Amino acid sequence: MKLAGKSAVVTGAGSGIGRGIALAFADAGTNVVVVDIEGAKAEAVAAEVAARGVRSSSFAADVRDPAAVAAMADHGWSALGRIDILCNNAGVCLTGPGFDISDTDFRWQLDVNVVGVFNGMREFGRRFREQGGPAWIVSTGSHHSIGAPTKGIAAYVASKHAVLGLSEAFRTEYGPAIGVGVLCPGIVNTSIWDAGRNRPAEYGGKVSGDPRNQQAMLDLGMNPERVGQLVAAGIENEDFYIWTHPQDLDLIEKRYAEGRDTITRQWPDGPTAEHKMTPHEV
Ligand SMILES: NC(=O)c1ccc[n+]([C@@H]2O[C@H](COP(=O)([O-])OP(=O)(O)OC[C@H]3O[C@@H](n4cnc5c(N)ncnc54)[C@H](O)[C@@H]3O)[C@@H](O)[C@H]2O)c1
């Protein structure tokens, strides 16, 4: 889908990858509503977007809350007249051994990363369907959507697999009328190592990030503005998957090879009379 002249809502855009997406959209001639739970940061990024010559607006919303996501959509349509693109980018991450994850930390990561993405897809999907014309929804998954590349991040891995699952399900159901994409970044130099700054009281309140994770982002992370440009290109090319790191081919191949090897060992003759399932819709 061509980006010039379109309008987008980007969540989690007060920082990091979301900010990068907002700036890349501005450079491509797309108006942007910058959304974040941290309203002051959203405002600052909206000013940066406007300085690049497109229309912008900011909105403070917590994507966990369907009413807040509906209010964010109302704001978008009234500020910019129409919305053509949604980027479900807000996300959080906590690290630590899997057996030690608390109920509340598991739920917080699933609530923001999965329920938040679903809230956006459903609210904007309904509005896009009613509005008619081209529309696009890109959600931010991760290389953790296609495997478990590192230890100590189990809840996040589960949440990012769900982002890919939701994206595939919505693509099967609504594509190509509503375009669907999933951004799967490797390590990007952002503030996600300190995501606990936004953990609400109901999940235990603010918690400081591990400085070793900040150092890893500084040492190994890609520039988030570059990731924004890749998202803009991915939408223009109408790609479902948007990758930032070619190394992630290893994860895809590992999963594919293990799946192929075990299916062919367990079912060497392929489907038999007991396999009445109809063909997949892919
Ligand atoms: N940085 C990486 O290495 C990396 C890699 C793969 C995927 N991701 C994903 O990229 C996305 C953006 O993260 P980032 O790395 O830019 O981190 P970041 O912390 O810099 O940005 C995330 C933004 O989301 C906002 N946010 C948090 N909870 C929210 C909520 N409930 N409602 C609305 N906004 C909320 C934060 O205030 C922040 O501005 C996330 O989905 C993350 O999981 C990041």
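Which residues are exposed on the other side of helix 2, away from its buried ones? They are Ala40, Glu43 and Ala51. This model is predicted. Two topics follow: helix 2 and a nonpolar surface patch.

**Helix 2: length**
- Helix 2 covers residues 39–51, which makes 13 residues.
- At 1.5 Å a residue, helix 2 should span 18 Å.
- Its end C-alpha atoms lie 19 Å apart, so the model agrees with that expectation.

**Helix 2: two sides**
- Ala42, Val45, Ala46 and Val49 are the buried residues of helix 2.
- They sit on the same side of helix 2, because they cover an arc of only 110° around the axis.
- An α-helix has 3.6 residues a turn, so residues three or four places apart point the same way.
- The buried residues pack against three elements: helix 1 (16–27), strand 2 (31–36) and strand 3 (56–60).
- Ala40, Glu43 and Ala51 are exposed on the other side.

**Just after helix 2**
- Glycine 53 comes just after helix 2.
- Glycine 53 takes a positive phi of about 95°.

**The nonpolar surface patch**
- Tyr241, Trp243, Leu249 and Ile252 make a nonpolar patch on the surface.
- The patch has an area of about 330 Å².
- Strand 7 (241–243) supplies at least two of the patch residues, and so does helix 8 (249–266).

**Leucine 249**
- Leucine 249 belongs to helix 8 and is one of the patch residues.
- Its relative accessibility is 47%.
- Leucine 249 therefore counts as partly exposed, since exposed means over 50% and buried means under 20%.

Key: Residues numbered from 1 in each chain as written. Predicted model: local features only at pLDDT ≥ 70, side-chain atom pairs only at ≥ 80, totals over all residues. Heavy atoms only, no water. Patch = residues over 30% accessible without salt bridge, like charges linked within 9 Å, V, L, I, M, F, W, Y side chains within 5 Å. Areas by Shrake-Rupley, 256 points an atom, 1.4 Å probe, with all protein chains shown as cover. Salt bridge = Lys/Arg side-chain N within 4 Å of Asp/Glu carboxyl O. Helix = DSSP H or I, 4+ residues; strand = E, 2+ residues; numbered from the N terminus. Buried < 20%, exposed > 50% of the residue type's maximum accessible area, 1.4 Å probe, protein only. Expected span 1.5 Å × (residues − 1). Arc of directions from axis to C-beta. Contact = heavy atoms within 4.5 Å.
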